[in-house]
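Reader: I should be grateful for a close look at one part of this model, namely the packing in its interior. Please begin with a single residue there and work outwards from it.

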Amino acid sequence: MSFDLVPAELLASALTAVLISVPIAFVLAGAAISGPRRTWSRAGLGMGIGLLIGVLLAAAGLFIAVPGTVTVLLSIGMLLGLALAIAAAVLVIVQDDGTWLSTLLGIAACVLIALAVPADALRAVLGLSSSLLVLIAAVVIEAVALVAIVGFLVAGAGRVRALQLGVAAAGIVSAVLLGVGVLALVLREAAEIDLPQPPLTAVLIAALVALVIGSVVGGVLDTLRLRRRDSTVTEAH
């Protein structure tokens, strides 16, 4: 490890970090919008705190030896967070407005996932550079990209119900595929069992396809609901 700053390595690491953040952002956004709209900021706060702690842990791991148990615990927490995020996203689809249960699920998912994400990003860029500055910058860039993308998705979902369904669908697909990768990592660390992991490109494409399909289906359902309501009002008059 060194403190050299190579622009090419920094660019490659930054692009990788941003690409990694996209499917994770769908998961976090789907969890964040699971509660009533007034509680969305609480999930965002939980995500921010989790990211801050996670970035500090990942950066500290570059300077001091971190026990393998910590990595396994973070990965298990990530798995639990992904499971909670799937449950929260399902509630987004089946409910027009969230409940206290969906709010708790969403906040817990955001905190657990955000805690583990920086360490996961660090593992992904370790092979791209041996510079401590580049590695730390990549972790920070991923955290910033996550906050920006999640904020954009949540803002859009707050205006259009159809986009809520699209974000939830993308979150479910991303969470399942990311969960397979995390499970493979846990088994490798704990039992030295090698399982295949879905490539990042496949996860990204699947998430984007789910976003489009979910949004289109949500738009069609909203249109049918409005027409049904208008016909009911007309018949009443």
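Author: In this predicted model, Ile113 is in contact with Ile24, Val27, Leu28, Met78, Gly81, Leu82 and Ala85, once its neighbours within four places in sequence are left aside. Ile113 belongs to the largest nonpolar core, a set of 62 residues, and it is listed with Ile24, Leu28 and Leu82 as having the most contacts inside that core. The elements that each contribute two or more residues to this core are α1, α2 (40–61), α3 (68–94), α4, α5, α6 (161–191) and α7. Of these, α1 supplies the largest share, with 11 residues. In soluble globular proteins, nonpolar side chains tend to be buried together.

Helix α1, which spans residues 7–32, also holds a polar residue, Ser21. Ser21 has a relative accessible area of 0% and is therefore buried, the limit being under 20%. Its side chain reaches the backbone oxygen of Val18 at a distance of 2.5 Å. Beyond its neighbours within four places in sequence, Ser21 is in contact with Glu142, Ala145, Leu146 and Ile149.

Helix α5 comprises residues 132–159 and includes Ala137. The C-alpha atom of Ala137 lies 9.6 Å from that of Ala17, although 120 residues separate the two along the chain. With a relative accessible area of 24%, Ala137 is partly exposed.

Helix α4, residues 100–125, contains both Asp120 and Arg123; the two are three residues apart and are therefore separated by about one helical turn. Asp120 forms a salt bridge with Arg123, in which the closest N and O atoms are 3.3 Å apart. A search of the whole structure finds one salt bridge. Both partners are partly exposed: Asp120 has a relative accessibility of 25%, and Arg123 has one of 33%.

Nonpolar side chains also appear on the surface. Ile205, Val209, Val212, Ile213, Val216, Val217, Val220, Leu221 and Leu224 form a nonpolar patch there, with about 760 Å² of accessible area together. One of these residues, Leu221, is placed in helix α7, which covers residues 200–236. Leu221 counts as partly exposed because its relative accessibility is 41%, which falls between the limits of 20% and 50%. Helix α7 is also among the elements that give two or more residues to the largest nonpolar core.

Terms used
Residues are numbered from 1 along each chain as its sequence is written. This is a predicted model: local features need pLDDT of at least 70, side-chain atom pairs count only at pLDDT 80 or more; totals for chains, interfaces and linings use all residues. Side-chain values use heavy atoms; hydrogens and water are left out. Patches are made of residues with over 30% relative accessible area and no salt bridge: like charges are joined within 9 Å, nonpolar side chains (Val, Leu, Ile, Met, Phe, Trp, Tyr) within 5 Å. Accessible areas come from the Shrake-Rupley method with a 1.4 Å probe; for residues, only the protein chains shown count as cover. A salt bridge is a side-chain nitrogen of Lys or Arg within 4 Å of a carboxyl oxygen of Asp or Glu. Helices (H or I, at least four residues) and strands (E, at least two) are DSSP runs, numbered from the N terminus. Buried means under 20% relative accessible area, exposed over 50%, partly exposed in between (1.4 Å probe, protein chains only). A polar contact is a pair of N or O atoms within 3.5 Å; within protein, one must be able to donate a hydrogen and the other to accept it, and residues adjacent in sequence count only if both atoms are side-chain atoms. Contact means heavy atoms within 4.5 Å. A nonpolar core is a set of buried Ala, Val, Leu, Ile, Met, Phe, Trp, Tyr and Cys residues joined through side-chain atoms within 4.5 Å.
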